Amino acid sequence: MQSLQAEEEAWKLFRRALRKEDQDAFDALWRFARYHAAPASMASRPMPFEAALMAMLVAIERQVMEMERLEKKRSEHAGGKDGGVGL
């Protein structure tokens, strides 16, 4: 966890240079990394950022999968006549 905090701190200037809406997205990514800190620590990667990045990617993929599931459910409920583009 300490190495994760140190890694996040190292990105502080980058964060500060981002637009406000991008800072919010950046902060969300680090929340994902902190949420998955225990599994990331089990990876024992020599570069802590690799584990943090993987944790961020897992969380993003979960969100994508959930959105796809909800879209499929919505499409099925509408009888598949929503005119939308399938993913």
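Okay, so let's start in the loop between α4 and α5, because that's where serine 44 is found, and serine 44 counts as exposed at 58% relative accessibility. What sort of phi does serine 44 have? A positive one, about 50°, although serine 44 is not a glycine. Keep in mind that we're looking at a predicted model here.

Now, Ser44 also turns up in the lining of the largest pocket. That pocket has a volume of about 180 Å³. Which residues line it? Going along the chain, you've got Met1, Ser3 and Leu4, then Ala33, then Ala37, Ala40, Ser41, Ser44 and Arg45, and finally Pro48, Ala51 and Ala52. The elements giving two or more residues to that lining are α1, which is residues 2–10, α4, which is 37–42, and α5. By type, the lining splits into eight nonpolar residues, three polar and one charged.

Staying with α4 for a second: alanine 38 lies in that helix. Buried or exposed? Alanine 38 is exposed, with a relative accessible area of 51%, and the cut-off for exposed is over 50%. If you go from alanine 38 to phenylalanine 49, that's 11 residues in sequence, and 14 Å in space, C-alpha to C-alpha.

Phe49 brings us to the helix packing. In general, you describe two packed helices by the angle between their axes and the distance between the axes.

Take α3, residues 20–35, and α5, residues 48–77: their axes come within 8 Å and cross at roughly 105°. So α3 is roughly perpendicular to α5. Who meets whom there? On the α3 side it's Leu29, Trp30, Phe32, Ala33 and Tyr35. On the α5 side it's Phe49, Ala52, Ala55, Met56, Ala59, Ile60, Arg62 and Gln63. That contact is made up of 11 nonpolar residues, one polar and one charged.

Then there's α1 with α3. Those two pack at an angle of about 170°, with axes 11 Å apart, which means α1 runs roughly antiparallel to α3. Here Leu4, Glu7 and Glu8 from α1 meet Trp30, Ala33 and Arg34 from α3. The contact of α1 with α3 has three nonpolar residues, no polar ones and three charged.

One last thing to look for on screen is Ala33. In α3, Ala33 takes part in the contact with α5 and in the contact with α1, and Ala33 also lines the largest pocket.

Note on methods
Residues numbered from 1 in each chain as written. Predicted model: local features only at pLDDT ≥ 70, side-chain atom pairs only at ≥ 80, totals over all residues. Heavy atoms only, no water. Axes fitted to C-alpha atoms, helices over the stretch in contact; angles between N-to-C directions. Helix = DSSP H or I, 4+ residues; strand = E, 2+ residues; numbered from the N terminus. Parallel < 35°, antiparallel > 145°, perpendicular 65-115°, else oblique. Contact = heavy atoms within 4.5 Å. Nonpolar A, V, L, I, M, F, W, Y, C, P; charged D, E, K, R; others polar. 1 Å grid on protein atoms, 1.4 Å probe; cavity = no way out; pocket = protein on both sides within 12 Å on 5 of 7 lines; lining within 4 Å. Points joined across faces, edges and corners; volume = space filled by probe spheres on them. Buried < 20%, exposed > 50% of the residue type's maximum accessible area, 1.4 Å probe, protein only.
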